[in-house]
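Thanks for sharing this one. Here are some notes to read alongside the coordinates, starting at the ligand and moving on to the sheets.

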Amino acid sequence: MQPGQPGDHGSGPIIAWLSVPDGEVDRTDCALAAAAQDFGHLVHSRPAAVVRPASLADVSAAITFATEHGLPVSARGAGHSPFGQEQAEGGIVLDVRSLPPIREVDGTEAIVDAGARWREVLDLTLPLGLTPPVLTDYLELTVGGTLVVGGIGGAAPHHGTQTDNVTELEVVTGTGEVRTCRPGDDLFDAVRGGLGLCGVITRVKLRLVPAPPTARRWKLYYRSLPAFLADQRTVVRDGRFDYVEGQLILDEGDWTHMLEAVTYSTASLDDLRFDRMEVEDTTYFDFLNRMEEGEAALRAEGSWFHPHPWLNVFLPDEVAGGVVAETLAKTRREDLGGSGLVMLYPVRASALHTPLLRVPDGTLVWLFSLLRTGKPADPMENARLTELNLQLYRQAKALGGTVYPSNALPMSPADWAEQFGPAWESLEQARRQYDPHRIFGAGQGLR
Ligand SMILES: Cc1cc2nc3c(=O)[nH]c(=O)nc-3n(C[C@H](O)[C@H](O)[C@H](O)COP(=O)(O)OP(=O)(O)OC[C@H]3O[C@@H](n4cnc5c(N)ncnc54)[C@H](O)[C@@H]3O)c2cc1C
């Protein structure tokens, strides 16, 4: 399509001249409106163009165009961000999913395009008896999308985050240059957990481990929060389960605490103090894919498409019990929404090695997630829920907490500097080198 032709709905004269050699530049209202949406449904920043790259040359061309014209660029994976992190007001959204698929296994490593969803990675590796060691609870997220935030799940106490299990990255930097980086390279450390501020990840090499055939999954229920926390500490410290998470369930005004523990072999429950339990044996894949059914139900009833003012914070072990008890005491059903969830689980800090994944000091850190569902067409209510996020974030920060950076939370550059702490200066240094024109970071408030 040429600038000025029918169907060209570009928002400015400059963007009309953007072209890429192999893929597509889409300036239709429909594409721009879709790129201004995400899972959060809270932020709607409309880009001037959506680029669907069919090659690395397309990614470079879009980036070079943006640098020449001072436009923001955001990569978009599955678009499951809660607060416009993958959006770029007046700029270019690069749809990483449209890059040609690369799906290979080489020995005990998978080589995939960054737009691959984790379910697609499993489609590749499980028939070979292999699996990535850490999966997110939801498999429809893209590899690139989770690697820029960390990628955490119940296997993290053993294997760290997904960013700890990457062996090579191909990145198109903010100068349009294609770089391959590995452990020891500054770009490798600037990209993993680096919010997409230094470049667009295009190809990834992932560490694989043998996949177990089956999983035994226990749900251990506790009336007492202290007993639940004590057992979570015990089992994460001694590592008896392959996977540990936890949920706090609000039922008619009372909280029940559920420890979710999975083993791929055997594990003893004898010393644990739960009140009741459920147990289920499944295939390994069915366990990993356990959100599929829930997603279908939420889609059917509609709340999958409602706003999602989610908050994820890391708490230091010493304050976790207090902060959680206080938060639960003041959290009502309407503060979570009908399908909202609260999650809580500890991770051994010694398993976490990604320099930009900032967690509190101590040997154990707790991921505390308030996964709220807001109301469509009720901006006041959604602003109230976002304000609750802000309050908990401030409280956590004052007590030595950090964020897991996938949140509906307005963060200023000063907040980010505090979040990254001593790593902030090295991230800024990497940005000066790899994104000197500051085209990335619009969706994080960091442009
Ligand atoms: C239902 C659900 C369940 C979740 N469960 C978990 C979980 O268990 N564990 C966990 O860790 N997280 C979880 N998350 C959070 C999720 O990991 C993050 O929101 C993630 O960033 C979303 O990935 P995405 O593919 O949707 O990326 P997008 O939302 O499209 O993008 C996210 C960010 O990554 C950037 N980005 C995307 N692709 C690239 C790329 N190739 N190169 C550079 N930057 C890129 C974007 O610009 C943006 O800043 C969950 C989210 C949802 C909605």
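1. Which atom of the ligand does a polar side-chain atom of Gln444 lie 3.1 Å from? The partner is an oxygen atom of the ligand. Please keep in mind throughout that this is a predicted model.

2. Two more side chains reach ligand oxygen in the model. An N or O atom in the side chain of Ser81 is 2.6 Å from an oxygen atom of the ligand, and for Thr142 the side-chain N or O atom is likewise 2.6 Å from a ligand oxygen. As for cover, the ligand taken alone exposes 960 Å², and the protein buries 95% of that area.

3. The wider surroundings of the ligand are worth a look too. There are 34 residues around the ligand, and those that come nearest are Ala75, Gly77, Ser81, Thr142 and Tyr404. Sorted by class, this shell has 16 nonpolar, 15 polar and three charged residues. Among the elements, β3 (73-76), α4 (143-147) and β10 (199-207) each supply at least two residues of the shell.

4. β10 leads us to a sheet. This open sheet has five strands in the order β5-β6-β10-β8-β9, and its pairing is antiparallel. β5 (103-106) and β9 (178-181) are the edge strands, each pairing on one side only. From one strand to the next, the twist averages 20°.

5. Within that sheet, you can follow the pairing of β10 with strand β8 (residues 166-173), which is antiparallel and runs over seven bridges. Gly199 in β10 is the bridge partner of Thr173. Helix α3 (residues 118-125) packs on the sheet, where α3 touches β5, β6 (109-113) and β10. The direction of α3 makes about 50° with that of β5.

6. β3, the other strand named in the ligand shell, belongs to an open sheet of four strands, ordered β1-β2-β4-β3 with mixed pairing. Why is one side of β1 (24-26) and of β3 left without a neighbour in the sheet? Both stand at the edges and each has a single partner strand, so nothing in the sheet flanks the other side. Neighbouring strands here are turned by 25° against each other on average, direction ignored.

7. The partner of β3 is easy to trace: β3 and strand β4 (residues 92-95) pair in the parallel sense over four bridges. Asp95 in β4 is the bridge partner of Arg76. Helix α2 (residues 56-69) packs on this sheet and touches β2 (49-52), β3 and β4. Its direction makes about 170° with that of β4.

Notes: Residues numbered from 1 in each chain as written. Predicted model: local features only at pLDDT ≥ 70, side-chain atom pairs only at ≥ 80, totals over all residues. Heavy atoms only, no water. Near = heavy atom within 4 Å. Polar contact = N/O pair within 3.5 Å; in protein donor to acceptor, adjacent residues only side chain to side chain. Areas by Shrake-Rupley, 256 points an atom, 1.4 Å probe, with all protein chains shown as cover. Nonpolar A, V, L, I, M, F, W, Y, C, P; charged D, E, K, R; others polar. Pairing = 2+ DSSP bridges. Axes fitted to C-alpha atoms, helices over the stretch in contact; angles between N-to-C directions. Contact = heavy atoms within 4.5 Å.
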